[in-house]
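Work through these exercises with the model in view. Try each task before reading its solution.

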Amino acid sequence: MTQTKTRKPTYLDLLNTICSQEGRAGVFLKAWAGKTPDPALKECLSFVAAREDSHYHIFKRRIQELGYQLEEVGDPMAAERLAVTGSGVSDAEKIRWLKEAGAKQPKPTVGDRYAAAIDDESVDPLTRSLLRWFADVEADSRGLIMEAYARVRTSG
Ligand SMILES: [Fe+2]
């Protein structure tokens with residue numbers, strides 16, 4: 001059963017963007033996990049990749065529950081990001097590249113957008129609840145990744 005369609009929610013684009021982004025993150029983190037010689041980094045990347053992959057499926061389902069289908073939202077950096085993270089360059093080099101790419105992200109970022117949606121009463125309550133949970137998990141993942149990056153820098 002899907003919910004009755006009234007008019008297309010304005011936040012559908014945000015859900016499509018998150019879903020697409022999480023799917024791509026799962027792929028590039030897994031590619032990197034398959035390349036790193038560092039066992040602790042590999043474990044962290046694999047752990048977060050599994051979360052991203054699961055977020056892709058959860059958001060895809062939420063979009064369907066609202067009565068729509070996922071519409072992939074592209075990212076001009078995606079191909080290069082996957083090429084870099086899946087390559088044989090050092091982990092330190094990959095971290096440097098990702099930081100620079102992150103700084104070039106258009107504003108408001110996807111993170112800014114979902115933070116705003118959590119507080120937006122025009123967004124349906126279940127989606128807001130999902131976004132709140134998602135924001136918490138993303139923050140936790142970011143913390144794990146930052147710790148792993150810091151270890152790479154201090155060890156090499
Ligand atoms: Fe994510």
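**Exercise 1: Helix 1 against helix 5**

Helix 1 passes helix 5 in a left-handed crossing. This model is predicted.

Task. Find the angle between helix 1 and helix 5, and decide whether the pair is oblique or roughly parallel.

Solution.
- Start with the axes: they lie 11 Å apart, and the packing angle is about 135 degrees.
- Apply the cut-offs: roughly perpendicular ends at 115 degrees and roughly antiparallel needs over 145.
- The angle falls in the remaining range, so helix 1 is oblique to helix 5.
- Now pick out the residues that meet. Helix 1 brings Leu14, Thr17, Ile18 and Gln21, while helix 5 brings Val110, Arg113, Tyr114 and Ala117.
- Sort them by class: five are nonpolar, two polar and one charged.

**Exercise 2: Helix 1 against helix 3**

Task. Work out how helix 1 lies relative to helix 3, and name the residues in their contact.

Solution.
- Helix 3 covers residues 78-85, and its axis comes within 8 Å of the axis of helix 1.
- The two axes cross at roughly 20 degrees.
- Angles under 35 degrees count as roughly parallel, so helix 1 is roughly parallel to helix 3.
- The crossing is right-handed.
- On the helix 1 side, the contact uses Arg24, Val27, Phe28, Ala31 and Trp32. On the helix 3 side are Ala78, Arg81, Leu82 and Thr85.
- By class, this contact holds six nonpolar, one polar and two charged residues.

**Exercise 3: The nonpolar cores**

Task. Which elements give two or more residues to the largest nonpolar core?

Solution.
- Begin with the core itself. It has 13 residues, and Leu14, Leu15, Ile18, Cys19, Phe59 and Ala117 touch the most other members.
- The elements that give two or more residues are helix 1 (12-33), helix 2 (39-65), helix 5 (110-118) and helix 6 (125-155).
- Helix 1 supplies the largest share, four residues.
- Zoom in on Leu15. Beyond four places in sequence, Leu15 touches Phe59, Arg62 and Ile63.
- A second, separate core has ten residues, among them Ala25, Cys44, Val48 and Ala148.
- For background: in soluble globular proteins, nonpolar side chains tend to be buried together.

**Exercise 4: Tyr56 and Leu144**

Task. Decide whether Tyr56 is buried or exposed, then do the same for Leu144, with partly exposed as a further choice.

Solution.
- Tyr56 sits in helix 2.
- Count the other C-beta atoms within 10 Å of Tyr56: there are 21. The cut-off for buried is 20 or more, so Tyr56 is buried.
- Tyr56 touches Cys19, Glu22, Gly23 and Gly26, leaving out residues up to four places away in sequence.
- Asn16 is 40 residues from Tyr56 along the chain, and their C-alpha atoms are separated by 9.5 Å.
- Turn to Leu144, in helix 6.
- Leu144 has 15 C-beta neighbours inside 10 Å. Exposed needs 12 or fewer and buried 20 or more, so Leu144 counts as partly exposed.
- Outside four places in sequence, Leu144 is in contact with Cys44 and Val48.
- Lys104 is also 40 residues away along the chain, but here the C-alpha separation from Leu144 is 22 Å.

**Exercise 5: An unusual bond**

Task. Which two residues does a cis peptide bond join?

Solution.
- Recall the general rule: most peptide bonds are trans.
- The cis bond joins Lys107 and Pro108, with omega about -5 degrees.
- Place Pro108: it is in the loop between helix 4 (91-103) and helix 5.

Terms used: Residues are numbered from 1 along each chain as its sequence is written. This is a predicted model: local features need pLDDT of at least 70, side-chain atom pairs count only at pLDDT 80 or more; totals for chains, interfaces and linings use all residues. A nonpolar core is a set of buried Ala, Val, Leu, Ile, Met, Phe, Trp, Tyr and Cys residues joined through C-beta atoms within 7 Å. Two residues are in contact if their C-beta atoms, placed from the backbone, lie within 7 Å. Axes are lines fitted to C-alpha atoms, for helices over the stretch in contact, and angles run from 0 to 180 degrees between N-to-C directions. Angles under 35 degrees count as roughly parallel, over 145 as roughly antiparallel, 65 to 115 as roughly perpendicular and the rest as oblique. A crossing is left-handed if the near helix is turned anticlockwise from the far one by less than a right angle, and right-handed if clockwise. Ala, Val, Leu, Ile, Met, Phe, Trp, Tyr, Cys and Pro count as nonpolar, Asp, Glu, Lys and Arg as charged, and the others, Gly among them, as polar.
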